[in-house]
Amino acid sequence: MKKILCLTLTLLMVLSAFGSLTAGAEGYDKVVYAYATFNNIPTAEVLDTIEEKINSVTRDLINVEVELKPISIWEYDSKVSLALQGGEQIDVFQTLGNLNVAIASDMCYDITDLIPTCAPEAAELVGEDWLKACSFQGSVWGIPTLKPIALTPMVIYRKDLAEELGLDMTQINSVFDLTDTLRAVKEAHPEITPVAAVNAGNIGLQLTVENVDYLTDDYYAPKGVLMNDEMKVIDFYATEEFKAICQLARTWYNEGLVMRDAATTSSTAAELMSTGNYFCYIASYSYPEEDTAASLQAQSGNYPIGAKIVSGAFLDTTAINALTWCVASTSKVPEAALKFLNLTYANSDVVNTLIYGIEGRDYVMKDDGTVNYPDGFDSTTVPYTAQLSCGTLGNFFLMYPMEGTNPDSLAWEQDQNKNAKTSAALGFTYDNSRVKTAYTAVTNVIEQYLPALVCGSVDPEVDIPEFTQRLQDAGLQTIIDSKQAQLDAWLAENGK
Amino acid sequence: MTAIAKKSRKGKYKLAKTGPLMMIALPGIIYLLINNYLPMFGVFLAFKDYSYMRGIFGSKWCGLDNFEFLFATKDAWIMTRNTLLYNAAFIVLGTVCSIFLAILIYELGEKRRVKIFQGSLMLPNLLSWVVVGFIVYAFLNADTGFVNNTILKATGGAPVSWYSTPGPWPWILILVYLWKFMGTNSIIYVSTIAGIDKSIFEAAQLDGASKWKQIMLITVPMLKSTVITLTLMSIGRIFYSDFGLFYQVPQNSGRLFDVTQTIDTYVYRGLMELNDVGMSAAAALYQSLVGFILVVAANALVRKIDSENALF
Amino acid sequence: MSQTKAIAYEKPSNDVRNFRVFASVVLTVITVLTLLPIVLIVIASFTDETTLLANGYSFFPAKLSTDAYYYMVRQSSTILRAYGITILVTAVGTLGSIVLTTAIAYPMSRRDFRYRGALSFFVFFTMLFNGGVVSAYIMWTRIFSIRDTLFALIIPNYLMGAFNIFLVRNYYENAIPTALIESAQIDGATELTVFFRIMLPLAVPTIATVALFTALAYWNDWTNGLYYITDTSLYGIQNLLIRIMNNIQFLKSSSNAALLGTQTVDLPGTSVRMALAVIGILPILIIFPFAQKYFVKGVVLGAVKG
């Protein structure tokens with residue numbers, strides 16, 4: 001054992017010697033930018049051309065050369081984490097819904113003091129409130145992606161069926177209005193299941209509960225929330241609202257109005273709709289009704305699709321900081337990194353090159369300012385595209401719209417961002433590092449009960465009491481108490 | 001060289017041999033040192049409150065805090081029980097079935113059929129768990145699955161919603177395990193049988209022993225040491241479970257947790273959001289440590305009864 | 001074919017013949033049952049997407065389609081390249097593994113080797129404990145700089161494993177008589193000679209087994225590619241497949257879908273995923289019969305020799 005220790009120590013010394021090998025070429029600061037992509041990963045040669053194109057802008061503007069690291073979405077978290085732990089250079093990265101964890105484990109650089117000098121445009125664009133959503137203990141740790149974030153719950157339904165049966169969908173203002181409509185569909189078309197699942201364990205009901213601040217928890221596993229603007233942290237699963245949702249789901253389930261396998265299905269809503277065996281599903285979107293419907297039509301087997309808003313959008317900290325861009329705490333060039341990050345919000349060339357690649361080769365610009373892939377190519381065959389990442393990189397509103405999108409919707413989206421109801425605790429970020437044990441136990445209990453409850457496959461009268469009891473056993477109260485304490489401190493600090 | 005060998009036969013038999021034997025083992029030893037032993041400094045993580053800024057060595061010590069979540073709730077009992085029982089079932093049934101298959105394959109005695117059977121039985125091992133999950137779903141889903149739609153319909157049984165009925169799952173999981181690994185594992189036994197001195201069988205045949213008797217009295221006992229070796233190795237990993245089998249195959253269905261939750265799935269679900277480096281290191285260390293204690297004990301037991309077959 | 005004859009030559013008794021019939025029947029049943037799910041996947045990959053979603057998986061789908069493979073054909077150059085990488089890595093890795101594994105197992109099998117127990121423990125310990133991904137990652141990338149090289153796909157983790165070592169050791173111990181080694185040594189053979197001339201030739205069945213296991217491990221591996229490869233031109237086939245598969249899985253999980261806005265993503269369908277699975281095992285179906293020739297020869301050879 002002693003020998004092994006000795007060997008390890010020697011190696012570590014060698015390691016630290018390697019540590020200082022990150023100098024940029026010709027006096028430019030080298031910034032490594034790691035971003036998640038849903039598209040194919042380009043080859044190294046293609047990536048070089050993209051970097052060169054971006055560098056031609058950044059060299060003059062901010063004296064920076066960038067190295068791009070596109071990473072497949074599913075491995076993004078683990079690869080970035082591994083690289084940072086391994087002492088590799090990554091200067092800018094994004095968090096996918098876990099900013100509070102990133103802050104707690106020192107992944108992010110405190111950029112509070114750098115923002116005025118290095119990222120004034122980005123700060124200006126996202127606004128003070130949004131930056132607050134990325135703050136913790138008085139410091140700013142990241143800049144949220146600027147995009148339509150107000151998710152509005154909607155019913156996405158088959159227009160042709162609704163018309164055939166004379167159903168007036170405009171009268172549907174909440175999911176509770178929906179039951180009779182579903183019954184009518186079921187009666188006229190027994191072969192059709194009225195409601196499809198959005199994805200496994202989710203038929204969309206839970207997010208229709210209005211005015212819930214999830215206090216930086218995962219939306220699908222809340223542990224202690226604020227409701228109706230009261231600053232008291234409560235157990236979401238013990239509320240009447242939650243019970244009502246579960247009972248609604250149960251009614252649907254018992255009457256055969258919702259798919260039976262919703263809790264474990266391996267298909268998504270659009271796939272299910274395209275079979276023609278379903279009437280509608282409930283999900284949240286950030287586009288206006290008509291645009292949402294239009295954009296979903298192609299994926300849904302080209303049945304005529306309609307959309308109706310059934311609940312209001314609500315902005316809490318998570319809604320804003322779900323996708324946040326951070327400078328790595330290990331970065332040796334934090335200022336340059338932040339300057340580059342700033343350009344992804346402020347410089348149209350930079351962000352559009354990141355998304356669409358090089359004009360002519362990867363995309364073509366139409367006369368109306370929209371873009372599309374060159375003739376004979378699509379997203380899987382062009383040398384470079386990260387088009388599907390459009391809502392996750394920098395400033396969405398600077399990106400060229402794809403051909404076929406409605407320019408008016410941008411205005412609606414910006415409006416929604418501004419006018420959506422916001423939580424009074426917007427900006428509060430919860431640090432769960434003191435209650436990790438309770439967290440793991442509670443998460444497991446939620447995974448066990450929640451999907452079946454919100455999909456109606458179990459009786460809420462029996463299961464909710466059991467569920468809440470198990471949550472208490474697992475330590476939910478500890479989490480709620482610690483949340484309340486942190487929230488109170490935050491409120492006092494912010495003079496609320 | 002000859003001189004050394006002769007000299008060694010007289011007196012310093014073992015001493016003289018160490019050198020050359022060590023030389024043969026050396027490349028392997030070096031590889032294990034680098035690949036397996038050097039990175040072991042990573043176990044420190046289990047006792048650290050990990051900070052990306054400070055790195056593995058700079059982070060603060062936190063004692064046994066990272067281990068707490070493994071024992072905190074009554075889930076600890078369920079997941080430990082499940083992990084142990086499934087592994088026990090896999091060891092016993094897996095061994096019996098693989099040996100059974102191996103004997104059948106060996107006794108075929110005809111090359112072409114050996115090829116076809118062996119090749120086909122191995123195929124499931126090449127499918128990823130995600131795909132296996134799809135297959136199982138194709139059989140068991142409530143609306144369009146085979147079992148409900150074809151088999152139960154034909155026999156007049158009532159449809160079962162499989163993914164919310166825990167009862168049959170231990171059997172389903174064992175079946176899936178056997179389906180995936182039995183063919184590949186049987187190959188080990190086929191090769192062991194192939195190594196048995198054939199003259200033993202011939203002598204038995206001359207004595208008039210039936211094929212069945214030969215199998216029970218010669219083949220099976222000859223497999224003993226392989227079985228012991230493999231079992232000891234499995235015991236070392238008895239606190240680990242195949243994540244895909246227990247997560248993907250039951251489609252992560254909460255209703256089934258009582259029979260599908262293992263240590264690995266619990267850790268995965270619990271840390272999904274927390275993403276905590278120290279806690280996952282702690283879980284792995286805990287699993288290894290228990291396996292280590294058990295295997296050392298089991299090995300000591302084997303050594304006592306039958307020293308030839310001890311693992312070390 | 002000579003092996004077959006050698007067995008047939010023994011003029012099997014009734015008893016033996018009966019047993020063979022029994023074995024054939026049982027194996028046929030087991031094999032058919034084992035293959036059914038795989039046939040199902042193949043059929044699903046040729047099923048029309050909408051039919052698949054509406055009616056579920058079926059052995060007799062209402063509507064067939066080759067769309068899923070059309071999706072693959074468009075990326076055929078990438079897929080072929082990935083096949084090439086995987087085959088190369090598997091071949092080299094397996095060969096290297098055999099050399100190292102058979103060698104280290106030999107001293108471990110010698111009951112008169114002083115450090116037999118210690119060495120066995122040294123090997124077994126690696127099966128139980130590991131330092132985790134991070135420390136291994138730091139070591140391989142910082143000290144050995146193997147990132148984005150073929151070595152990264154071959155060397156870490158799979159070159160030698162305790163399980164295989166013990167399989168070989170066990171075989172040496174039990175199937176090769178100690179007397180054989182002793183008499184060779186009396187004749188003046190060195191350890192190296194004993195190893196090459198006696199142990200290796202006699203251990204063919206187990207070497208074949210270990211080779212097969214190692215090859216399967218290399219073929220199925222995607223973790224090395226995940227950790228150490230960023231250059232897509234070095235992607236093996238599993239990395240290609242797992243990336244498409246897991247991206248879909250990731251986006252389907254409810255929390256991620258909400259996070260990113262489900263509408264942005266047009267996912268490949270179920271039949272495409274089945275086609276991916278088929279593509280992952282197809283080459284094995286083609287290559288395996290050739291490899292098996294040696295493998296089965298080893299088995300039957302060992303059987304005949306005795």
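**Reading a predicted complex**

Mentor: Let us start with helix 8 of chain A, whose buried residues are covered by elements of chain A that include strand 7 (152–158), strand 8 (193–195), helix 9 (240–254) and strand 11 (278–285). Please keep in mind throughout that this is a predicted model.

Trainee: Which are the buried residues of helix 8 of chain A?

Mentor: Within helix 8 (residues 178–188), the buried residues are L178(A), T179(A), T181(A), L182(A) and V185(A). They span an arc of only 160 degrees around the axis, and therefore they lie on the same side of helix 8 of chain A. On the other side of this helix, D180(A) and E187(A) are exposed.

Trainee: How should I read a strand, and which way do the residues of strand 3 of chain A point?

Mentor: The general idea is that side chains in a regular strand alternate between the two faces of the sheet. In strand 3 of chain A, V92(A), Q94(A) and L96(A) point one way, while F93(A) and T95(A) point the other way, and all of them are buried. Because five of the five residues of strand 3 (residues 92–96) are buried, this strand is largely enclosed by the rest of the structure.

Trainee: To which strand is strand 3 of chain A joined, and by how many bridges?

Mentor: Strand 14 (residues 323–327) of chain A is joined to strand 3 by five bridges, and the two run antiparallel. As one position in this pairing, V327(A) in strand 14 stands opposite V92(A).

Trainee: Now a single residue: where is Q251(B) placed, and is Q251(B) buried or exposed?

Mentor: You will find Q251(B) in the loop of chain B between helix 12 (243–247) and helix 13 (257–260). Buried means under 20% relative accessible area, and Q251(B), at 17% relative accessibility, therefore counts as buried. A polar atom of the Q251(B) side chain lies 3.3 Å from the backbone oxygen of G133(B). Leaving aside residues up to four places away in sequence, Q251(B) touches T264(A), G133(B), Y137(B) and Y163(B).

Trainee: How many disulfides does the structure hold?

Mentor: A disulfide is a covalent bond between the sulfur atoms of two cysteines. Over all chains, the structure holds zero disulfides. For C280(A), which is in no disulfide, the nearest cysteine sulfur belongs to C455(A) and is 14 Å away. The sulfur of C455(A), in turn, has its closest cysteine sulfur in C246(A), at 9.8 Å, which is too far for a bond. C280(A) is buried, at 0% relative accessibility, and C455(A) is buried as well, with a relative accessible area of 2%.

Trainee: What is the mean pLDDT of chain C, and which of its elements has the lowest value?

Mentor: The general idea is that, where pLDDT is low, the predicted coordinates should not be read in detail. Chain C has a mean pLDDT of 82, and 86% of its residues reach 70 or more. Among its elements, helix 1 (residues 2–8) has the lowest mean pLDDT, 42, and helix 8 (residues 150–154) of chain C the highest, 95. The pLDDT is below 50 over residues 1–9 of chain C, a stretch that has 11 contacts in the model beyond near neighbours in sequence. It is also below 50 over residues 301–306 of chain C, where the model has 13 such contacts.

Trainee: How many helices and strands are there in chain C?

Mentor: Chain C has 16 helices and zero strands, and buried residues make up 58% of its 306 residues. For the complex, the predictor gives an ipTM of 0.87 and a pTM of 0.88.

Key:
Residues numbered from 1 in each chain as written. Chains lettered and ligands numbered in written order. Predicted model: local features only at pLDDT ≥ 70, side-chain atom pairs only at ≥ 80, totals over all residues. Heavy atoms only, no water. Buried < 20%, exposed > 50% of the residue type's maximum accessible area, 1.4 Å probe, protein only. Helix = DSSP H or I, 4+ residues; strand = E, 2+ residues; numbered from the N terminus. Pairing = 2+ DSSP bridges. Polar contact = N/O pair within 3.5 Å; in protein donor to acceptor, adjacent residues only side chain to side chain. Contact = heavy atoms within 4.5 Å. Arc of directions from axis to C-beta. pLDDT = per-residue confidence, 0-100. Disulfide = S-S within 2.5 Å.
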